[in-house]
Amino acid sequence: GQSLRFLNALVDLYEGFIDSLGAMFRAKCMEEFYSNELISFEIKHFEGVDDTLKKSLEGKTAYDRVMAVATHLFRSIGRRVMKQVSLKCYNSFLIPTKIIMRTEIHSQVMALLDKDLEELFEVERTREHLGREEGALQAMVQDARDQEKQLKVLLADL
């Protein structure tokens with residue numbers, strides 16, 4: 001209610017920050033998919049077929065063996081890509097969101113003038129509302145005092 005405009009300003013700031021950071025993060029992640037280095041690394045460091053896979057290849061055709069090794073290699077590359085993307089997510093998205101966002105919000109708020117802050121927090125409207133509430137409470141206090149006086153008069157007559 002009272003500070004809805006301020007919250008909306010913070011949400012807009014947050015969304016803009018996340019959108020720009022997300023675009024950068026997406027570009028970094030796509031590097032993993034477009035890069036041949038990962039495939040080259042995986043093939044160069046391919047240690048051959050493990051014993052479980054070797055046993056399953058016995059007696060199979062050359063085509064089936066190639067398919068099984070390729071599938072094994074493809075899954076290995078997929079796991080490495082997922083690991084790299086997860087690391088990039090942490091380093092390029094989550095950490096900057098945590099660190100930079102706090103600084104960004106603080107600098108945006110500090111740049112606001114008192115007049116701007118009063119507008120965002122709707123200070124004048126809040127003052128008017130509190131003034132009306134104060135008037136109503138003062139009327140209630142006055143009624144209570146009047147009732148107290150009447151009670152004192154009645155008690156004195158007894």
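# Exercises on a predicted six-helix chain

**Exercise 1.** Identify the residues of the largest nonpolar core and the elements that supply them.

*Solution.* In this predicted model, six residues form the largest nonpolar core: Phe25, Cys29, Leu73, Ile77, Val81 and Val85. Two elements each give two or more residues to this core, helix H1 (4–34) and helix H4 (62–110). H4 provides the largest share, four residues. Another core, of five residues, lies apart from it, and its members include Leu13, Phe17, Leu21 and Met101.

**Exercise 2.** Which residues does Phe25 contact, leaving aside its neighbours within four places in sequence?

*Solution.* Take heavy atoms within 4.5 Å as the cut-off. Phe25 is then in contact with Val85, Lys88, Cys89, Ser92 and Phe93. Of these partners, Val85 is listed in the largest core together with Phe25. Val85, Lys88 and Ser92 also appear among the buried residues of H4.

**Exercise 3.** Describe the geometry and the buried residues of H4.

*Solution.* Start with the span. H4 has 49 residues and extends 69 Å from its first C-alpha to its last. At 1.5 Å a residue, 72 Å would be expected, and the value found is close to this. Next, look for a bend: H4 turns by about 40° at Pro96. Pro96 is itself buried. Finally, list the other buried positions of H4, which are Leu73, Ser76, Ile77, Val81, Val85, Lys88, Ser92, Thr97 and Met101. Residues three or four places apart in an α-helix point the same way, because there are 3.6 residues a turn.

**Exercise 4.** Summarise the chain as a whole and state where confidence is lowest and highest among its elements.

*Solution.* The chain contains six helices and zero strands. Of its 158 residues, 16% are buried. Among contacts between residues at least 6 apart in sequence, 82% join residues at least 24 apart. About 12600 Å² is exposed, with 60% of it supplied by carbon and sulfur atoms. Mean pLDDT for the chain is 80, and 87% of residues reach 70 or more. By element, helix H2 (residues 37–44) has the lowest mean pLDDT, 68, and helix H6 (residues 123–157) the highest, 91. Where pLDDT is low, predicted coordinates should not be read in detail.

Notes: Residues numbered from 1 in each chain as written. Predicted model: local features only at pLDDT ≥ 70, side-chain atom pairs only at ≥ 80, totals over all residues. Heavy atoms only, no water. Core = buried A, V, L, I, M, F, W, Y, C linked by side-chain atoms within 4.5 Å. Buried < 20%, exposed > 50% of the residue type's maximum accessible area, 1.4 Å probe, protein only. pLDDT = per-residue confidence, 0-100. Expected span 1.5 Å × (residues − 1). Bend = angle between axes of the 7 residues up to and from the residue. Areas by Shrake-Rupley, 256 points an atom, 1.4 Å probe, with all protein chains shown as cover.
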